[in-house]
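Please open the model in your viewer, with side chains shown as sticks, and follow the stops below in order.

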Amino acid sequence: MIIESYEDLIILSGELRFNFWDTVHTAISLALKRSPQGVIIDCSQITECTIDGADTFRDVMSFIEDHEARVIVASVPAHVMEVLKQVQDVRSQLPVTKTVEEARASLYRLQEPEESKRKKKALHVGPTYLVGMSGGPNDDYALQIACEHAEKSSAKLFLMYPIIVPRELPLQTPMAEDEAAGEALLERARHYCENLGIHCERAMERGRDVASLIEESLKDHQATQIFIPLPDGEPEGAAKIVKSVLTKVQAPVLFIRDRKPS
C-alpha cells in the first residue's frame, strides 16, 4: 500500500490487505493542519482490498467521530466497495462520494478566510440574531423582518441553512443538491444584507433535525434572538417545527409566515 498526501488530498494505491490505520492516521493529521475544513481520501487506485484492509476505514470513522473532523472517502472502485459492504459499521457509516471533485465541492462551500472572519468579529460590538433559512417561500420575508430588527439594534445576523442528513446516512455524507441550493440561497441573502448595510455571517450546518441545529448555532454564536420562517402548506408541518424548536431552544423566537392561513 502506497499513501501519498497533497494539500487536502490523501491518495491510497496498491493492495489494501491489512489495517494501515497508523500510517493513514499520520497522513490525515498532517493534511488537516494544511486543510482544517476537511480531507479527502482518494481510493481510485486501490487494486485489492480484504476484510482486514477494510478495517482501516473503521478506524477512519472512529477518528471522524472523536475529532469532529470532515474526512470524505472518494472514488471507491466497485470491487473495493463490495468488500466494504461486508463490514457492517463501515457499510452504513462511511461518508463516500463518487468523485474527488464532488467531495471537494462539499468541503469548500461558503469558505471564508479565517483572517477575514476575525476582522469582522472584532468590528462587531452589537447583538447577534440568528435567521434559520429553509429554502421555503417565507425565507425572504423572514430575512426582511430580521434586517428591520437588526437595523434598529445594530445587530449582526447569522444566516444558517440546515443540511438535514437522513439517519441512515453518515452525518458527514455530502448532500450535493441541498448544499448547492443552500449556497445559492445564502449568497442571495448576503447581498440583500450588504445592500442594507447590515453585517451578516453565513453557514450551512449539518444535522438530523432543524431544532437541534438551531440550538447548537444559538450557543456557538451567542445569538439573543431567533427568526424562523415557517413552511406553507399543511398546518401540521408548521406546528411540528414550532413545537420542536420551542422544546429545545431557550431564547426569544419569532416564527414568520408571509400570509394568513387559509
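Buried is used here for a relative accessible area under 20%, exposed for one over 50%, and partly exposed for values in between. The model is a predicted one, and this tour follows some of its charged side chains.

Begin by selecting arginine 202, which belongs to strand S8, residues 200-207. Is this residue buried, partly exposed or exposed? Its relative accessibility is 24%, so arginine 202 counts as partly exposed. Now add glutamate 187 to the selection: the two residues form a salt bridge in which the closest N and O atoms are 2.8 Å apart. Because glutamate 187 has a relative accessibility of 27%, it too falls in the partly exposed class. The pair links distant parts of the chain, since arginine 202 sits in strand S8 whereas glutamate 187 sits in helix H8, 15 residues apart.

Keep glutamate 187 on screen and select arginine 190, whose side chain meets that of glutamate 187 in another salt bridge, at 2.5 Å from N to O. Here both partners lie in helix H8, 3 residues apart, or about one turn of the helix. With a relative accessibility of 18%, arginine 190 counts as buried.

Next, move along helix H8, which spans residues 176-195, to glutamate 179. Which side chain meets glutamate 179 in a salt bridge? Select arginine 109, and the N to O distance of the pair is 3.6 Å. Arginine 109 lies in the loop between helix H5 (100-108) and helix H6 (114-123), so its pairing with glutamate 179 ties together parts that are 70 residues apart in sequence. Both of these residues are buried. Widen the selection to include Glu183 and Arg206, and you have a network of salt bridges that links them with Arg109 and Glu179. Across the whole structure, a search finds 14 salt bridges.

For the last stop, select arginine 70, in the loop between helix H2 (51-67) and strand S4 (71-74). Arginine 70 is buried yet has no salt bridge, and the nearest side chain of opposite charge, that of glutamate 179, is 4.7 Å away. A salt bridge would need a nitrogen-to-oxygen distance within 4 Å. What the side chain of arginine 70 does make is a polar contact with the side chain of serine 106, at 3.2 Å. If neighbours within four places in sequence are left aside, the residues in contact with arginine 70 include Gln37, Gly38, Val39, Leu107, Gln172 and Pro174, and Arg206 of the network is also among them.

Terms used. Residues are numbered from 1 along each chain as its sequence is written. This is a predicted model: local features need pLDDT of at least 70, side-chain atom pairs count only at pLDDT 80 or more; totals for chains, interfaces and linings use all residues. Side-chain values use heavy atoms; hydrogens and water are left out. Helices (H or I, at least four residues) and strands (E, at least two) are DSSP runs, numbered from the N terminus. Buried means under 20% relative accessible area, exposed over 50%, partly exposed in between (1.4 Å probe, protein chains only). Lys and Arg count as positive and Asp and Glu as negative; His and the chain ends are not counted. A polar contact is a pair of N or O atoms within 3.5 Å; within protein, one must be able to donate a hydrogen and the other to accept it, and residues adjacent in sequence count only if both atoms are side-chain atoms. Contact means heavy atoms within 4.5 Å.
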